[in-house]
Amino acid sequence: MEPVRFWAVVPAAGVGRRVGAPIPKQYLPLFGQAVLDHSLEVLLGESRIEGVVVAVDPHDQRWSTTRYAAHPKVRKVAGGAERCHSVLNALALLTQTAAAEDWVLVHDAARPCLRQTDLAAMIDTLRADPVGGILAVPVCDTMKQADRQGCIARTVVRDGLWHAFTPQMFRLGPLREALARALADGYLVTDEASGLEYIGQTPRLVEGHADNIKITRPEDLPLAEFYLRQQGRTCESDKVSMHTDS
């Protein structure tokens, strides 16, 4: 029996309108390279991950200029209209080399601050799990539900609430089946865990760090720079500049 392997999928076909930049958020510059490069760096830094499939827009002109476009462990596939379409396209490509029982870690292209230790801990925690799970952090803020006029309708009890992050780790076969079934039923899932939930599965929550932010709004980019500095993940030229300034 072949040993179970680990793969990664990065949906990177979005345009990121909310960030208000002239280019898609995954290509915004962050310490001398694209946001996407930082996200891929962590995945490729985990030795147990056999390969990464990146789903990009069919008309994308920037992917070829990124740091890992020609990396031997990285393959490209055409993205779709929604995240779930992009992930399904990547899973279809993976079936050429991966088994249905292999694990797939789906990670947002615009989450550059994922910690290597969180990634490793997630694999260690879930590798024997019957379903899989996601990186997440418990909600610590007071949560409000709004009405249609933008006023507070009620305060939501935060006990048991978590912020869902990525990677989200599930076996290739069940994940592909879950997403395909949801789409066939007209349900556009917003993350992979929702697809597994849709077919009656209960993914596990693996607590990570809150600095695993997603670049969504303009203020997120300088925050990501701060977190990467805290993690010591700035580029060499930036480190030299910091040393000179001091």
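**Exercise 1: A pocket and its lining**

Find the volume of the second largest pocket in this predicted model, then work out which residues line it and which element supplies the largest share.

*Solution.*
Step 1. Start with the space itself: the second largest pocket has a volume of about 280 Å³. Rolling a probe the size of a water molecule over the atoms shows where empty space is left.
Step 2. Now look at the walls. R111, V137, H163, A164, F165, A210, N212, I213, K214, T216, D220 and Y227 form the lining of the second largest pocket.
Step 3. Sort these residues by character: six are nonpolar, three are polar and three are charged.
Step 4. Trace them back to the elements. Strand 10 and helix 6 each give at least two residues to the lining, and strand 10 has the largest share, with three.

**Exercise 2: The largest nonpolar core**

Describe the largest nonpolar core: how many residues does it have, and which elements supply at least two of them?

*Solution.*
Step 1. Count first: the core has 43 residues, and L40, V52 and V54 make the most contacts inside it.
Step 2. At least two core residues come from each of strand 1 (6-12), helix 1 (35-44), strand 4 (49-56), strand 6 (103-106), helix 3 (116-126), strand 7 (132-138), strand 10 (162-171) and helix 6 (220-231). With six residues, helix 1 gives the most.
Step 3. Zoom in on L40. Beyond its neighbours within four places in sequence, L40 is in contact with V10, V52, V54, W63 and Y68.
Step 4. Another core, of 28 residues, lies apart from this one; L94, V104, L175 and A182 are among its residues.

**Exercise 3: Helix 1 and its residue V42**

Is helix 1 largely enclosed or largely open? Then find the contacts of V42.

*Solution.*
Step 1. List the buried residues of helix 1: V35, L36, D37, H38, S39, L40, V42, L43 and L44.
Step 2. Nine of its 10 residues are therefore buried, so helix 1 is largely enclosed by the rest of the structure.
Step 3. V42 sits in this helix. Its relative accessible area is 2%; buried means under 20%, so V42 is buried.
Step 4. Leaving aside neighbours within four places in sequence, V42 is in contact with L114, R115, Q116, L119 and R233. One of these, R115, is 73 residues from V42 in sequence, yet their C-alpha atoms are 7.2 Å apart in space.

**Exercise 4: Two loop residues**

T66 and D108 are both found in loops. Are they buried or exposed? What do they contact?

*Solution.*
Step 1. Place T66: it is in the loop between strand 4 and strand 5 (74-78). Its relative accessibility is 9%, so T66 counts as buried.
Step 2. Apart from its neighbours within four places in sequence, T66 is in contact with Y27 and D37. T66 and D37 are 29 residues apart along the sequence, while the C-alpha to C-alpha distance is 6.7 Å.
Step 3. Follow the side chain of T66: it reaches the backbone oxygen of W63 at 2.7 Å.
Step 4. Turn to D108, in the loop between strand 6 and helix 3. With a relative accessible area of 5%, D108 is buried too.
Step 5. Setting aside neighbours within four places in sequence, D108 is in contact with V10, S39, R83, T166 and K214. Look back at two of these partners: S39 is among the buried residues of helix 1, and K214 is one of the residues lining the second largest pocket.

Definitions and conventions:
Residues numbered from 1 in each chain as written. Predicted model: local features only at pLDDT ≥ 70, side-chain atom pairs only at ≥ 80, totals over all residues. Heavy atoms only, no water. Core = buried A, V, L, I, M, F, W, Y, C linked by side-chain atoms within 4.5 Å. Buried < 20%, exposed > 50% of the residue type's maximum accessible area, 1.4 Å probe, protein only. Helix = DSSP H or I, 4+ residues; strand = E, 2+ residues; numbered from the N terminus. Contact = heavy atoms within 4.5 Å. 1 Å grid on protein atoms, 1.4 Å probe; cavity = no way out; pocket = protein on both sides within 12 Å on 5 of 7 lines; lining within 4 Å. Points joined across faces, edges and corners; volume = space filled by probe spheres on them. Nonpolar A, V, L, I, M, F, W, Y, C, P; charged D, E, K, R; others polar. Polar contact = N/O pair within 3.5 Å; in protein donor to acceptor, adjacent residues only side chain to side chain.
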